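Me: I'd like to learn how to read a model like this one, feature by feature. Can we start with the cysteines?

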Amino acid sequence: MQSNIKDTDESRQGESMVLEGKEGNSKKLFIESYGCQMNFSDSEIVASILLENGYNTTSELEEADLIMINTCAIRHKAEDTVRKRLTEFNALKRKKPSLKIGVLGCMAERLKTKLLEEEKVVDLVAGPDAYRDLPKLLEDVDDGRQAINVILSKEETYADLNPVRLGGNGVTAFVSITRGCDNMCTFCVVPFTRGRERSREPESIINECINLWNHGYREITLLGQNVDSYLWYGGGLKKDFDKATEEQKENSVDFAELLDRVAVAVPGMRIRFSTSNPQDMHESVLRTMAKHDNICKSIHLPFQSGSTAVLKRMNRQHTREEYIELIDKIKSIVPNIALSHDIIAGFCGETEEEHKETLSLMEYVKYDFGYMFAYSERPGTPAHKKMADDVPEEVKKRRLTEIIDLQQVHSKQRLESYLGKVHEVLIEGNSKRDENFWYGRISQNAVMVFPKTEGTKVGDFVMVRADSCTSATLLGEMI
Ligand code: 5AD
Ligand code: SF4
């Protein structure tokens with residue numbers, strides 16, 4: 001059964017994705033993605049750009065003329081996985097010298113020329129803001145020139161591109177609304193690999209959502225490193241909002257308003273969003289969630305550590321007390337809310353007492369779900385430059401295990417709280433274990449598996465009573 005707990009590096013690993021091809025395209029692209037949802041969403045943008053430039057996607061490595069690997073740099077282990085994969089791709093290239101290999105995403109941005117010039121394991125390097133340049137970079141490769149673009153942009157949001165939907169279930173899709181991050185958490189490489197925060201124009205977001213609805217999609221997740229800080233005022237970086245004209249400021253759109261507009265524009269669509277950051281999660285967003293039935297009652301709200309002292313070292317913009325206040329407010333405004341988290345165990349200088357504060361915060365909130373990691377020092381980050389990574393590996397591991405064990409208890413308790421009740425479920429596909437069962441999720445994001453009945457199909461909303469549960473899945477029956 002699928003686990004709802006993501007251990008240190010169980011982030012989505014190397015899924016290759018494929019879509020219907022375009023007639024006349026003669027070349028084949030194999031694209032594989034690692035890491036966060038943003039990367040998976042970006043791969044769809046890359047595929048749509050290359051589709052217009054002669055490449056259809058394939059899920060068969062052997063058939064590929066071009067392999068693109070969209071990478072994650074958030075933890076050391078994520079980069080290791082990609083390096084191993086690059087070795088395998090290079091073995092293929094020795095058999096088929098015309099094969100081109102490109103590296104995309106955060107690792108491309110972090111290592112810049114290294115994989116191309118020093119290690120010579122790729123032909124092309126493109127950072128997260130350089131995907132429009134891919135056709136030209138591929139020409140450079142053909143002409144024997146260095147093909148690299150790792151320039152981070154102030155404006156790029158790929159707003160006008162309609163991403164092709166790779167491989168999914170045809171029912172749930174990601175819609176990216178912001179790019180980059182201005183938060184500068186000291187442990188995090190993202191502000192360096194994905195650049196400064198910018199928001200995508202609301203009309204293009206709404207049009208994409210309507211388009212998805214018209215193509216049969218029934219759930220969208222609005223994506224960004226920090227969705228609650230979404231702010232559209234006519235373009236440019238979030239940090240330059242102060243320089244906007246009065247008119248731009250008056251007509252600006254924040255996340256609560258965007259969410260409201262999307263909920264109204266596609267009333268039959270389920271809407272989720274991720275990721276939220278405590279300091280930016282304003283009451284207006286909670287009120288919008290409470291107002292619309294089609295906004296799912298689940299919030300992913302990383303807190304990283306339950307200790308104010310650690311949060312300060314992490315340069316997080318909230319204290320333990322502020323976080324607890326926010327949780328109380330969320331629970332009072334949006335009843336039945338499901339909460340999930342990200343936690344880092346063993347950050348620089350973390351004492352046993354500080355670790356216990358993380359456990360006690362978990363006890364207080366009782367999260368449905370969580371992503372939990374051991375701290376992994378990343379070159380170039382403020383923590384790497386200024387702090388010692390001084391918690392021994394075995395202590396980090398033991399603390400992480402305690403956190404995971406506790407989350408498992410809470411996840412089970414939360415699932416049990418859904419039993420005996422009837423939930424609206426969006427059917428996403430067959431249960432992996434048994435084709436006679438559907439797989440779907442309730443508004444609170446918990447997975448529900450239930451026997452198929454005649455006349456139901458993928459994309460239907462059905463009412464299901466939860467009768468029992470395993471550690472990560474509800475089992476129910478349609479009513
Ligand atoms: N080490 C461990 N976990 C990290 N994260 C970000 N940077 C690191 C790091 N250096 C985690 C945070 C973040 C999630 C996406 O990844 O918990 O919220
Ligand atoms: Fe990294 Fe912090 Fe930004 Fe999240 S909010 S992407 S952890 S800097």
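Reply: Sure. A disulfide is a pair of cysteine sulfur atoms within 2.5 Å. Keep in mind that this is a predicted model.

Me: How many disulfides does that rule give here?

Reply: The count comes to 0 disulfides.

Me: Why is Cys-36 not in a bond?

Reply: Look at the distance to the closest cysteine sulfur. For Cys-36 that sulfur sits in Cys-106, 6.4 Å away, which is too far for a bond. Going the other way, Cys-106 has Cys-36 as its nearest cysteine sulfur, at 6.4 Å, and is in no disulfide.

Me: And are Cys-36 and Cys-106 buried or exposed?

Reply: For that you need cut-offs: under 20% relative accessible area is buried, over 50% is exposed, and partly exposed lies in between. Cys-36 is at 35%, so it counts as partly exposed. Cys-106 has a relative accessible area of 7%, so that one is buried.

Me: What share of the whole chain is buried?

Reply: Of its 479 residues, 58% count as buried. As for the surface, the accessible area comes to about 20,100 Å², and 50% of that belongs to carbon and sulfur atoms.

Me: Which helices and strands should I expect, in numbers?

Reply: The chain has 15 helices and 23 strands. To judge how they pack overall, set the radius of gyration against the globule rule: the chain has 22 Å, close to the 23 Å the rule gives for 479 residues, so it is as compact as a globular protein of that length. If you want box dimensions, the C-alpha trace spans about 65 × 60 × 55 Å along its principal axes.

Me: What do the contacts say about sequence separation?

Reply: Take the contacts between residues at least 6 apart in sequence; 73% of them join residues at least 24 apart.

Me: How far apart are the mean positions of the positive and negative charges?

Reply: The chain has 64 positive and 77 negative charges, and their mean positions are 2 Å apart.

Me: Let's zoom in on one residue. Where is Thr-275?

Reply: Thr-275 is in the loop between strand S15 (270-274) and helix H10 (283-291). With 19% relative accessibility, Thr-275 counts as buried, because the cut-off is under 20%.

Me: Which residues does Thr-275 touch beyond its sequence neighbours?

Reply: Leaving aside neighbours within four places in sequence, Thr-275 is in contact with Gly-224, Gln-225, Asn-226, Val-227, Asp-228, His-300 and Pro-302. By contrast, take Glu-88, 187 residues apart from Thr-275 along the chain: their C-alpha atoms are separated by 33 Å.

Terms used:
Residues are numbered from 1 along each chain as its sequence is written. Chains are lettered from A and ligands numbered from 1 in the order in which they are written. This is a predicted model: local features need pLDDT of at least 70, side-chain atom pairs count only at pLDDT 80 or more; totals for chains, interfaces and linings use all residues. Side-chain values use heavy atoms; hydrogens and water are left out. Helices (H or I, at least four residues) and strands (E, at least two) are DSSP runs, numbered from the N terminus. The radius of gyration is taken over C-alpha atoms; the globule rule is 2.2 Å times the number of residues to the power 0.38. Buried means under 20% relative accessible area, exposed over 50%, partly exposed in between (1.4 Å probe, protein chains only). Contact means heavy atoms within 4.5 Å. Accessible areas come from the Shrake-Rupley method with a 1.4 Å probe; for residues, only the protein chains shown count as cover. Lys and Arg count as positive and Asp and Glu as negative; His and the chain ends are not counted. The place of a charge is taken as NZ of Lys, CZ of Arg, CG of Asp or CD of Glu.
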